[in-house]
Amino acid sequence: MATHASPAMNFEPGRSPSVTIPQVDPTAFYDAKGEHHPEGSTMLGFWLYLMSDCLIFAALFATYAVVGRNYAAGPSPKDLFDLPLVALNTSMLLFSSITYGFAMLEMEKGDLSRVQIWLAVTGLFGLAFVGLELYEFHHLIHEGATPQRSAFLSAFFTLVGTHGLHVSLGIVWLVTLMAQVHKRGLVPENKRRLLCLSMFWHFLDVIWIGVFTFVYLMGVLQ
Amino acid sequence: MSAASKAGHDDHGHGHADAGSHGTFKDYMTGFVLSVVLTAIPFILVMGNVLGNDRITGIVIMGFAVAQIVVHMIYFLHMNTKSEGGWTVLALIFTLTLVIITLAGSLWVMYHLNTNMMPQHMHMG
């Protein structure tokens, strides 16, 4: 114990001068003027948010996959789902994706009024999608196929409802951005926000591909 | 790393802050047409019962869904291996790994629970 301690004690005073931290101006790390703020970091951060949202949907898809056939002697997907309505719904979301793309192209050209027109068209397609989904839900509940009826219906309403809620909030965000673009024009901040919403909107379309394939089409097949 | 620092320097020009995340009109139209085709075919297959076999139809429409997701990623979300110095792709791969574990793991575990813990088994045992 003592033999171990003494060399260390002898060593410390000799060593300490050599490990002095180089003197660096601590403020050099900070960007007080805000000059070095690559926009890309926002897009990467938003992408990471979308990936975490993807995990929420993965959990809901997994729940549906596990309990999706537990009908509790209630209605099955074959009895309930109206595929032409789902096809119409899908086309609404697909159209809204391409019109948002057109808004992005006009944004690059700097044409403010056309950006607003395409954003408005996107919002209307989004509203049509949400409206059709609410009509479907209303119809199902009216038929007695409520979320309480069976595990299948609980999982169905949770998964599809969560997606619908995302689209609804996307529309709120869209209207907010239209107001901001109207007030401040296509400034870099608004462009960045529009790009984030663009990713969000296209991401929701990607999730919908999973929903219409896995829930509606596969459900009718069983 | 070098791609990231290069992108960082390009960002100084105002207005074109995210050169990597824009598409062209042609990109969007290509993506749209492909999406319409890849959506229409599964609906036709299921509604018209074209293949006549539910299991095969299921596998085929899952394939179409995966293809359409890839199309959306490339043409609408403008994914490529270079954006953000590869970090977006890395995050995507990580997420996909978790998604596959979640889906496959849940189905696998719950299937075994269902088959091994049925009330009938307990009565017989």
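**A walk through the helices, rings and pocket**

Just after helix 5 of chain A, the backbone does something you can spot by its phi angle: A:Gly144 has a positive phi of about 95°. Keep in mind that this is a predicted model, so everything here is read off computed coordinates. Helix 5 itself covers residues 112-142 of chain A, which makes 31 residues. From its first C-alpha to its last, helix 5 reaches 44 Å, close to the 45 Å expected at 1.5 Å a residue.

Now for the aromatic rings. Search the whole structure and you get 24 aromatic pairs over all chains. Take A:Tyr64 and A:Phe214: their ring centres sit 6.3 Å apart with the planes at 70°, and since an angle over 60 degrees counts as edge-to-face, that's what this pair is. What does the pair tie together? A:Tyr64 belongs to helix 2 of chain A and A:Phe214 to helix 7 of chain A, so the contact links parts that are 150 residues apart in sequence. The partners don't share an accessibility class, though: A:Tyr64 is buried, at 4% relative accessible area, while A:Phe214 comes out partly exposed at 24%.

A second pair is worth a look, A:Phe95 with B:Phe32. Here the centres are 5.7 Å apart and the planes meet at 40°, so the pair is tilted. This one crosses between chains, running from A:Phe95 in helix 4 (residues 83-109) of chain A to B:Phe32 in helix 2 (residues 25-47) of chain B. A:Phe95 is partly exposed, with 36% relative accessibility, whereas B:Phe32 is buried at 12%.

Back in chain A, A:Tyr64 and A:Phe214 turn up again in one aromatic cluster. Other members of that cluster include A:Phe61, A:Tyr71, A:Phe129, A:Phe156, A:Trp208 and A:Tyr216.

That leaves the largest pocket, with a volume of about 920 Å³. Of the 28 residues lining it, the closest to its centre are B:Val66, B:Ile69, B:Leu96, B:Val99 and B:Leu103. Which helices each supply at least two residues of the lining? On the chain A side, helix 2 (40-67) and helix 7 (188-221) do, and from chain B, helix 3 (54-76) and helix 4 (87-116) do too. Those chain A helices are familiar: helix 2 holds A:Tyr64 and helix 7 holds A:Phe214. As for the character of the lining, 24 of its residues are nonpolar and 4 polar, with no charged residues.

Terms used
Residues numbered from 1 in each chain as written. Chains lettered and ligands numbered in written order. Predicted model: local features only at pLDDT ≥ 70, side-chain atom pairs only at ≥ 80, totals over all residues. Heavy atoms only, no water. 1 Å grid on protein atoms, 1.4 Å probe; cavity = no way out; pocket = protein on both sides within 12 Å on 5 of 7 lines; lining within 4 Å. Points joined across faces, edges and corners; volume = space filled by probe spheres on them. Helix = DSSP H or I, 4+ residues; strand = E, 2+ residues; numbered from the N terminus. Nonpolar A, V, L, I, M, F, W, Y, C, P; charged D, E, K, R; others polar. Phe/Tyr/Trp six-rings, centres within 6.5 Å; stacked < 30°, edge-to-face > 60°. Buried < 20%, exposed > 50% of the residue type's maximum accessible area, 1.4 Å probe, protein only. Expected span 1.5 Å × (residues − 1).
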